[in-house]
Amino acid sequence: MYPIVEKKILSNNVKLLKIQAPLVAKKALPGQFIILRIDEKGERIPLTIADSNPKKGTVTIIFLEVGKTTKQLGTLNVGDFLQNFAGPLGMPSDVKKYGTVVCVGGGVGIAPLYPIVKALKEAGNHVISILGAKTKDLLLLEKEIQDFSDEFYITTDDGSKGHKGFVSDVLQQIINKQRIDMVMAIGPIIMMKVVSSLTKQYNIKTLVSLNPIMVDGTGMCGGCRVSIDGKTRFACVDGPEFDGHMVDYDNLMLRNRRFVHAEEEACKLAGV
Amino acid sequence: MSVRKTKHEMPEQEPKERIKNFKEVPYGYSKEIAVEEAKRCLQCKNKPCMKGCPVEIDIPGFINCIAEGDFEKAAEVIKAKNNLPAISGRVCPYESQCEGECTLKKIGEPVGIGRLERFIADYEREKGKKPPQKPASTGKKVAVVGAGPAGLTCAGDLARMGHAVTVFEALHDPGGVLMYGIPEFRLPKAIVKSEVGYVKSLGVDIHYDVVVGKTITVLELMEEFDAVFIGTGAGLPNWLKIPGENLDGVYSANEFLTRVNMMKAYRFPEYDTPVKIGKIVVTFGAGNVAMDCARTALRLGAEKSYILYRRTEAEMPARTEEIEHAKQEGVIFKLLTAPIRFIGDEKGILKEVEYLKMTLGEPDESGRRRPVPIPGSEEKLAIDTALVAIGQSPNPLIPQTMKNLKIGKHGNIITDDEGRTSIPGVFAGGDIATGAATVILAMGAGKRAARAIDADLKNR
């Protein structure tokens with residue numbers, strides 16, 4: 001059992017939990033994720049590690065309440081326990097000195113971007129961060145990410161904060177005026193697709209972190225398989241980070257809709 | 001005195017009824033029938049049946065106890081060698097092992113050794129199992145990676161030798177394939193948990209959610225433990241490698257069975273994990289896993305459940321009993337067919353499979369006749385769900401994270417007969433060493449490794 005030691009409500013439906021999980025905290029690296037199960041009847045869901053503290057033995061997760069399990073997770077409080085919390089899983093982010101890197105985070109994808117921004121900055125890069133969300137209420141970790149960024153931009157679809165429009169607009173402006181060595185993009189699949197097709201025109205190396213449906217998270221089922229440059233790869237062990245220019249985003253979107261009806265049914269029955 | 005030529009039947013659920021539930025198919029022997037079946041045993045002096053048993057059970061010994069009505073003694077005889085008899089008594093391929101060597105085969109059917117093992121295990125479980133007396137501690141610590149049949153057997157045997165054993169399991173339940181792979185109707189999960197409970201009662205400690213290679217490495221385990229046994233199995237699904245395999249509707253057998261068995265998706269929405277199947281389900285492959293998939297699909301409400309296999313029934317690797325059960329339940333076998341592509345609709349959802357008809361040619365290196373495509377024989381079948389059950393490869397997680405470990409060309413860990421790897425103090429056994437095989441072979445490998453580990457620790 002894994003106790004919840006801290007809880008923060010970041011926005012209406014985005015919550016942060018700090019979990020006591022010393023073995024995971026000791027090994028966690030930016031870009032990796034965990035699989036958790038709330039209770040005996042629960043499903044296994046993957047969540048990216050947003051932060052970890054090896055000394056205190058804690059791991060931070062940030063999640064958007066989208067379905068039954070994340071909504072149930074959002075009702076838990078300090079002192080409650082998770083039944084299972086396995087990790088760290090996946091390959092760590094490819095952190096090294098690239099030169100100038102642009103980190104693009106969309107919606108709840110900002111959370112997993114945070115440890116990567118931090119690590120890229122510590123590796124000596126010139127870090128430019130662009131955070132985007134539908135409205136300003138859905139932005140996360142602004143101050144934390146800004147602290148590790150040399151340049152910092154915000155975009156909102158409705159213009160409630162920063163640039164009105166999409167992260168790709170700001171990225172285009174940056175590309176127009178300076179040389180970029182690498183782009184790291186995490187967010188909704190459609191955002192990663194748009195960012196990748198933009199950077200491909202300029203031949204800028206682009207990494208994305210994919211979020212397919214997972215079950216075990218250890219490479220034994222292939223539920224999370226994605227098509228990378230025409231080859232089948234398992235996001236849980238080969239990823240979740242891949243070359244953004246090689247990903248078949250349409251197939252990923254299709255496969256992520258596999259259980260939409262079941263999810264709706266589960267929410268309805270649970271009254272959430 | 002004449003000996004009955006056939007095994008006593010084991011009563012089972014009617015096919016029409018059982019495809020509506022996940023309850024176990026056979027009910028098992030009653031006491032009376034078990035005694036009668038035990039009396040068929042000729043008590044051969046040379047015990048040929050034992051040569052076929054990978055875990056070395058004294059088969060005539062325990063059967064003699066049953067014939068005399070001493071079921072507790074029978075349990076002791078089995079438990080002296082096998083900590084998980086309720087499992088092996090259900091899933092062993094007896095026909096090619098102990099029963100395959102039985103002298104009675106010369107005049108008819110062999111003794112129902114598997115059924116008798118199962119009877120004793122169930123009898124004992126209902127009565128409440130008592131663990132044997134704990135031996136004196138040796139002060140040595142052994143780490144076992146993976147709580148599948150190999151790991152549990154190795155752990156149980158080591159504990160009985162007096163070593164302190166800790167098992168590290170990546171998933172949230174013990175049993176490995178016994179829990180996620182083999183369906184409830186063949187091996188009830190309550191029985192798996194009970195058998196694991198017995199292993200724990202021997203003093204074995206099991207830690208869940210520990211993915212060795214990620215959460216902790218084997219090298220780190222070696223700092224804390226005197227020896228490490230790797231029993232991480234063959235959990236990497238093989239694919240058909242044909243176009244359309246990533247369409248919505250195509251599952252690996254592992255994903256499908258894990259959702260249904262371990263996550264209990266057949267009880268959705270009481271349990272949170274969903275599974276989606278359509279009206280027409282096609283399973284590719286003809287091993288035990290394929291039979292499990294095809295039979296599970298029927299229980300989830302599929303109107304038609306097909307098995308597509310590129311050879312004929314004679315070459316099917318599944319146990320005879322599983323093939324028979326699948327037929328009785330209405331699984332349709334389309335033999336001598338090989339899929340060439342999956343076809344989706346405009347949204348990318350699976351709607352058809354195209355396949356070629358085959359004919360059998362000369363035997364290949366496996367000794368089975370090689371399937372040869374018939375040119376121009378393409379046909380299509382409308383389907384909703386495809387389950388790919390064409391085998392698994394050794395799980396690469398640990399081999400990838402250990403540079404000095406010698407690995408075979410199929411990704412298996414190379415060991416000697418007793419499970420020693422290329423690294424002193426590190427042992428391996430079961431599917432990770434042999435490639436996908438059977439539960440009982442994994443248990444046998446765990447047993448031999450436990451003996452070798454014990455010998456090595458005593459010599460240090």
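These questions and answers walk through a predicted model of two protein chains, A and B.

Me: What ipTM does the predictor give the complex?
Reply: This is a predicted model, and the predictor scores the complex as a whole. Its pTM is 0.95. The ipTM is 0.94.

Me: What is the mean pLDDT of chain B?
Reply: pLDDT is the predictor's confidence in each residue, from 0 to 100. In chain B, 100% of the residues reach 70 or more. The mean for chain B is 94.

Me: How many helices and how many strands does chain B have, and what is its radius of gyration?
Reply: Chain B has 17 helices and 16 strands. For 460 residues the globule rule gives 23 Å, and the value for chain B is close to that, so chain B is as compact as a globular protein of that length. Its C-alpha trace spans about 65 × 65 × 50 Å along the principal axes. The radius of gyration of chain B is 23 Å.

Me: What radius of gyration does chain A have?
Reply: Chain A holds nine helices and 16 strands. The globule rule gives 19 Å for its 272 residues, and chain A comes close to this, so it is as compact as a globular protein of that length. Its C-alpha trace spans about 55 × 40 × 35 Å along the principal axes. The radius of gyration of chain A is 18 Å.

Me: What percentage of the residues in chain B is buried?
Reply: A residue is buried when its relative accessible area is under 20%. Chain B has 460 residues to sort by that cut-off. The buried share is 58%.

Me: What percentage of the residues in chain A is buried?
Reply: Chain A has 272 residues. Its accessible surface comes to about 11100 Å², with 52% belonging to carbon and sulfur atoms. The buried residues make up 56%.

Me: In chain B, what percentage of the contacts with a separation of 6 or more comes from residues 24 or more positions apart?
Reply: Contact means heavy atoms within 4.5 Å. Take the contacts in chain B with a separation of 6 or more, then pick out the residues 24 or more positions apart. They account for 70%.

Me: How far apart are the centres of the positive and negative side chains in chain A?
Reply: Chain A has 34 positive side chains and 29 negative ones. Each set has a centre. The two centres lie apart by 2 Å.

Me: Is A21(A) buried or exposed?
Reply: A21(A) sits in the loop between strand 2 (14-20) and helix 1 (22-27) of chain A. Leaving out residues up to four places away in sequence, it touches Y2(A), G57(A), V59(A) and F85(A). Its relative accessibility is 2%, and the cut-off is under 20%. So A21(A) counts as buried.

Me: Which residues does I277(B) contact, leaving aside neighbours within four places in sequence?
Reply: I277(B) is found in the loop between helix 12 (253-262) and strand 7 (280-284) of chain B. V228(B) is 49 residues from I277(B) along the chain, and their C-alpha atoms are separated by 41 Å. Beyond its sequence neighbours, I277(B) is in contact with F256(B), A297(B), L300(B), A302(B) and T385(B).

Me: Which residue does a cis peptide bond join to G239(A)?
Reply: Omega of this bond is about 10°. The partner lies in the loop between helix 7 (235-238) and strand 16 (241-243) of chain A. The residue joined to G239(A) is P240(A).

Me: What is omega for the peptide bond from F268(B) to P269(B)?
Reply: P269(B) has its place in the loop between helix 12 and strand 7 of chain B. The bond that reaches it from F268(B) is cis. Omega is near 5°.

Me: What is the phi of L141(A)?
Reply: L141(A) lies in the loop between strand 9 (126-133) and helix 4 (142-147) of chain A. At 12% relative accessibility, it counts as buried. Its phi is positive although it is not a glycine, at about 50°.

Me: Is K264(B) buried or exposed?
Reply: K264(B) lies in the loop between helix 12 and strand 7 of chain B. Its phi is near 55°, a positive value in a residue other than glycine. Its relative accessibility is 15%, so K264(B) counts as buried.

Definitions and conventions. Residues are numbered from 1 along each chain as its sequence is written. Chains are lettered from A and ligands numbered from 1 in the order in which they are written. This is a predicted model: local features need pLDDT of at least 70, side-chain atom pairs count only at pLDDT 80 or more; totals for chains, interfaces and linings use all residues. Side-chain values use heavy atoms; hydrogens and water are left out. Helices (H or I, at least four residues) and strands (E, at least two) are DSSP runs, numbered from the N terminus. The radius of gyration is taken over C-alpha atoms; the globule rule is 2.2 Å times the number of residues to the power 0.38. Buried means under 20% relative accessible area, exposed over 50%, partly exposed in between (1.4 Å probe, protein chains only). Accessible areas come from the Shrake-Rupley method with a 1.4 Å probe; for residues, only the protein chains shown count as cover. Lys and Arg count as positive and Asp and Glu as negative; His and the chain ends are not counted. The place of a charge is taken as NZ of Lys, CZ of Arg, CG of Asp or CD of Glu.
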